[in-house]
Amino acid sequence: MRAVVQRVDHASVTVEGQVTGACQKGLMVLFGVAEGDTEKDLNYIVDKVVGLRIFEDEAGKMNLSVKDVGGEILAVSQFTLYGDCRKGKRPSFDKAAKPDIANAFYEQFVAACRAQGLQVGTGVFRAHMLVELVNNGPVTILLDSRKEF
């Protein structure tokens with residue numbers, strides 16, 4: 001399982017002209033599922049996302065989590081996080097989970113973040129989405145449950 005986590009001032013996702021999800025100060029999370037991922041992978045990603053200390057404390061040091069600052073999350077499913085471009089220039093998505101599996105894990109990710117008291121906006125699974133955000137910092141963190149990077 002992979003996640004690209006960006007600290008944002010605000011973010012939104014639009015599908016067919018309608019905003020389907022948004023967040024104010026918090027995290028924009030692009031979420032990808034690989035073939036063979038399990039609940040263990042999900043728990044790792046949820047724990048990391050919710051606990052990442054990438055917000056500044058009163059001393060200006062990145063020491064606070066999204067929960068600590070009362071932030072929000074915008075979660076967008078993104079199979080392209082498993083695009084493999086090592087051969088040629090057209091990405092292969094063979095390692096990405098099948099849509100039904102990926103959607104189930106995506107929904108579980110959203111539910112797990114909400115269960116921790118966070119407000120979570122979402123995109124629309126398998127839809128063409130327009131994502132807008134203001135990355136604060138910029139701060140962008142890459143997470144991989146298999147620790148491949």
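Two residues are taken to be in contact when heavy atoms of each lie within 4.5 Å. On this basis, and leaving aside neighbours within four places in sequence, Ile73 of the predicted model is in contact with Cys23, Leu27, Val29, Val49, Cys113, Leu118, Gln119, Val120 and Gly121. The setting of Ile73 within the fold is described below, after an account of the chain as a whole.

The secondary structure of the protein chain consists of 2 helices and 8 strands. Read from the N terminus, these elements follow the order β-β-β-α-β-β-β-α-β-β. The radius of gyration of the chain is 15 Å, and a compact globule of 149 residues would have a value near 15 Å; the chain therefore agrees with the expectation for such a globule. Along the principal axes, the C-alpha trace extends over about 45 × 35 × 30 Å. Of the contacts between residues at least 6 apart in sequence, 72% join residues that are at least 24 apart.

Buried residues account for 43% of the 149 residues. The accessible surface amounts to about 8300 Å², and carbon and sulfur atoms contribute 49% of this area. With respect to charge, the chain carries 18 positive and 19 negative side chains, the centres of the two sets being 6 Å apart.

In soluble globular proteins, nonpolar side chains tend to be buried together. In the present model, the largest nonpolar core comprises 29 residues, and those with the most contacts inside it are Val5, Leu27, Phe31, Val49, Ile73 and Phe109. At least two residues of this core are supplied by each of strand E1 (2-15), strand E3 (26-32), helix H1 (39-51), strand E6 (72-77), helix H2 (99-115) and strand E8 (130-144). Helix H2 provides the largest share, with 6 residues. A second core, separate from the one just described, has 12 residues, including Val4, Val8, Leu81 and Met129.

Strand E1 also holds Thr14. The relative accessibility of Thr14 is 14%, and this residue therefore counts as buried, the cut-off being under 20%. Apart from neighbours within four places in sequence, Thr14 is in contact with Val19, His128, Met129 and Leu130. Among these partners, Met129 is also one of the residues of the second core.

The loop between E1 and strand E2 (18-23) contains Glu16. Glu16 counts as exposed because its relative accessibility is 80%, where the cut-off is over 50%. The phi angle of Glu16 is near 50°, a positive value in a residue other than glycine. A positive phi, of about 65°, is likewise found for Arg126, which is not a glycine. Arg126 is located in the loop between E7 and E8, and at 68% relative accessibility it counts as exposed.

Ala127 occupies the loop between strand E7 (119-122) and E8. With a relative accessibility of 25%, Ala127 counts as partly exposed. Although Ala127 and Glu16 are separated by 111 residues in sequence, their C-alpha atoms are 9.0 Å apart in space.

A further backbone feature concerns Gly137 and Pro138, which are joined by a cis peptide bond with an omega of about -5°. Pro138 is situated in strand E8, one of the elements that supply at least two residues of the largest core.

Methods
Residues are numbered from 1 along each chain as its sequence is written. This is a predicted model: local features need pLDDT of at least 70, side-chain atom pairs count only at pLDDT 80 or more; totals for chains, interfaces and linings use all residues. Side-chain values use heavy atoms; hydrogens and water are left out. Helices (H or I, at least four residues) and strands (E, at least two) are DSSP runs, numbered from the N terminus. The radius of gyration is taken over C-alpha atoms; the globule rule is 2.2 Å times the number of residues to the power 0.38. Buried means under 20% relative accessible area, exposed over 50%, partly exposed in between (1.4 Å probe, protein chains only). Accessible areas come from the Shrake-Rupley method with a 1.4 Å probe; for residues, only the protein chains shown count as cover. Lys and Arg count as positive and Asp and Glu as negative; His and the chain ends are not counted. The place of a charge is taken as NZ of Lys, CZ of Arg, CG of Asp or CD of Glu. A nonpolar core is a set of buried Ala, Val, Leu, Ile, Met, Phe, Trp, Tyr and Cys residues joined through side-chain atoms within 4.5 Å.
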